[in-house]
Amino acid sequence: MDYRTEAPPVLRDFLVYHETIQGHSRKTVDEYYLDLRNFFRFLKHDKKLVPQDIPLDEISIDDADLALVRDVTLTDIYSYMNYLSRDRGLNNTSRARKVATIRSFYKYLTNKAKLLEINPVQDLDSPHLKKALPKYLNLEESITLLDSIDGKNSSRDYCILTLFLNCGLRISELVGLNKTDIRGDQLRVLGKGSKERMLYLNDACQQALEDWLTERDTLTLVDQNALFVTLQNRRRISTAAVHKLVKKHLAAAGLDSSQYSSHKLRHTAATLMLQNGVDVRTLQEVLGHDHLNTTQIYTHVDSDALRAAAKASPLGGVRQRKRPKKEEKDG
């Protein structure tokens, strides 16, 4: 699929803007295209612009233009939401994403492209979503997880889990780390949309990194830049390998590996920081959230400073217990 050739001009310009100016990933932009293609198909069918016996998934949007877009009303959007719920069985979360895409599209046409004078969906409400606290490990479980790490890859795995639990990294951010991203007590992280942020490393992170780098620097690596590599092929570790090792160590710690994941460790880091005095705006910067309301799902606490956020983690003083290495297949 290539939206640059398949999308009509009125949609293509919006997608190019998000990929080139906003820096969104190709996957995200492709999802925008699919959302809006389905919306345009519904509009053409609902407004009887195509024969009614044509299946929705077969309707072409090649001729979708500004006239079609301009004539959309809130009633049209509500009909579309009803269709998604009734005929497609989408839940509130899925429909909320569709609404967000439509709102973003019309905001672009009105505020950026200046193709519309009035935004017809500016008063569009999103489906109500329940804001539940993400699953996370408590402090005792986190320490148990770290203390259970053993085996051939223990230095690497301990370092990975320590960064997850203390810094709240996304798995894509961790996998993308290079050795040169470590700068004293700071870590350069490249987040969503290629947005760079600097995180401060507490004592536990610095020690875990030092231990891993000592081992890493003895290896003959295929990828000299990658911070984390597999010991089997000496290449940058993959997201699948990280998911696997997280699940393995969760199970070894007696924790339910079906309920927790690397992303849950990110939630754990955020929750433990907030519980120990880090304010929500500081946490927003630590996690790399664009919007504060994304961070506020955790809780509201007052404090300040990014460096304090790193030092506030109760896992900051946890050290890896040294054990004899066990022979084990690389993960």
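In which sense, left-handed or right-handed, does H8 pass H10 in their crossing? The crossing is left-handed, and this briefing walks you through that helix pair, two others and a cavity. Please keep in mind that the model is predicted. Helix H8 is a good guide, since H8 packs with H10, packs with H7 and also gives residues to the lining of the largest cavity.

**H8 with H10**

- Helix H8 covers residues 154-167, and its partner here, helix H10, covers residues 203-216.
- Their axes lie 9 Å apart, at an angle of about 155 degrees.
- An angle over 145 degrees counts as roughly antiparallel, so H8 and H10 are roughly antiparallel to each other.
- On the H8 side, the contact is made by Ser155, Arg156, Tyr158, Cys159, Thr162, Leu163, Asn166 and Cys167.
- Facing them from H10 are Ala204, Cys205, Ala208, Leu209, Asp211, Trp212 and Glu215.
- Sorted by class, this contact has nine nonpolar, three polar and three charged residues.

**H8 with H7**

- Helix H7 (residues 139-147) packs with H8 at an angle of about 160 degrees, and 10 Å separates the two axes.
- That angle makes H7 roughly antiparallel to H8.
- The crossing of H7 and H8 is left-handed.
- H7 brings Ser142, Leu145 and Leu146 to the contact, while H8 brings Tyr158, Leu161, Thr162 and Leu165.
- Five of these contact residues are nonpolar, two are polar and none is charged.
- Tyr158 and Thr162 of H8 take part in the contact with H7, and both also take part in the contact with H10.

**H12 with H13**

- Further along the chain, helix H12 (residues 262-275) packs with helix H13 (residues 280-287) at about 155 degrees, with axes 10 Å apart.
- This makes H12 roughly antiparallel to H13.
- Here the crossing is right-handed.
- Arg266, Ala270, Met273 and Leu274 of H12 meet Val280, Leu283, Val286 and Leu287 of H13.
- The contact of H12 with H13 includes seven nonpolar residues and one charged residue, with no polar ones.

**The cavity**

- One cavity of 30 Å³ or more is found in the structure.
- The largest cavity holds about 80 Å³ of space.
- It is lined by 13 residues, and those closest to its centre are Asn166, Leu199, Tyr200, Val286 and Ala310.
- Helix H8, strand E3 (196-200) and helix H15 (306-312) are the elements that each give two or more residues to this lining.
- By class, the lining has 11 nonpolar residues, two polar ones and no charged ones.

**Links between the parts**

- Asn166 belongs to the H8 contact with H10 and is among the residues closest to the centre of the largest cavity.
- Val286 likewise belongs to the contact of H12 with H13 and appears among those closest to the cavity centre.

Key: Residues are numbered from 1 along each chain as its sequence is written. This is a predicted model: local features need pLDDT of at least 70, side-chain atom pairs count only at pLDDT 80 or more; totals for chains, interfaces and linings use all residues. Side-chain values use heavy atoms; hydrogens and water are left out. Axes are lines fitted to C-alpha atoms, for helices over the stretch in contact, and angles run from 0 to 180 degrees between N-to-C directions. Helices (H or I, at least four residues) and strands (E, at least two) are DSSP runs, numbered from the N terminus. Angles under 35 degrees count as roughly parallel, over 145 as roughly antiparallel, 65 to 115 as roughly perpendicular and the rest as oblique. A crossing is left-handed if the near helix is turned anticlockwise from the far one by less than a right angle, and right-handed if clockwise. Contact means heavy atoms within 4.5 Å. Ala, Val, Leu, Ile, Met, Phe, Trp, Tyr, Cys and Pro count as nonpolar, Asp, Glu, Lys and Arg as charged, and the others, Gly among them, as polar. On a 1 Å grid over the protein atoms alone, a cavity is a set of points where a 1.4 Å probe fits but cannot get out, and a pocket is an open set with protein on both sides within 12 Å along at least five of seven lines; lining residues have an atom within 4 Å of a point. Grid points are joined across faces, edges and corners, and a volume is the space filled by probe spheres set on the points.
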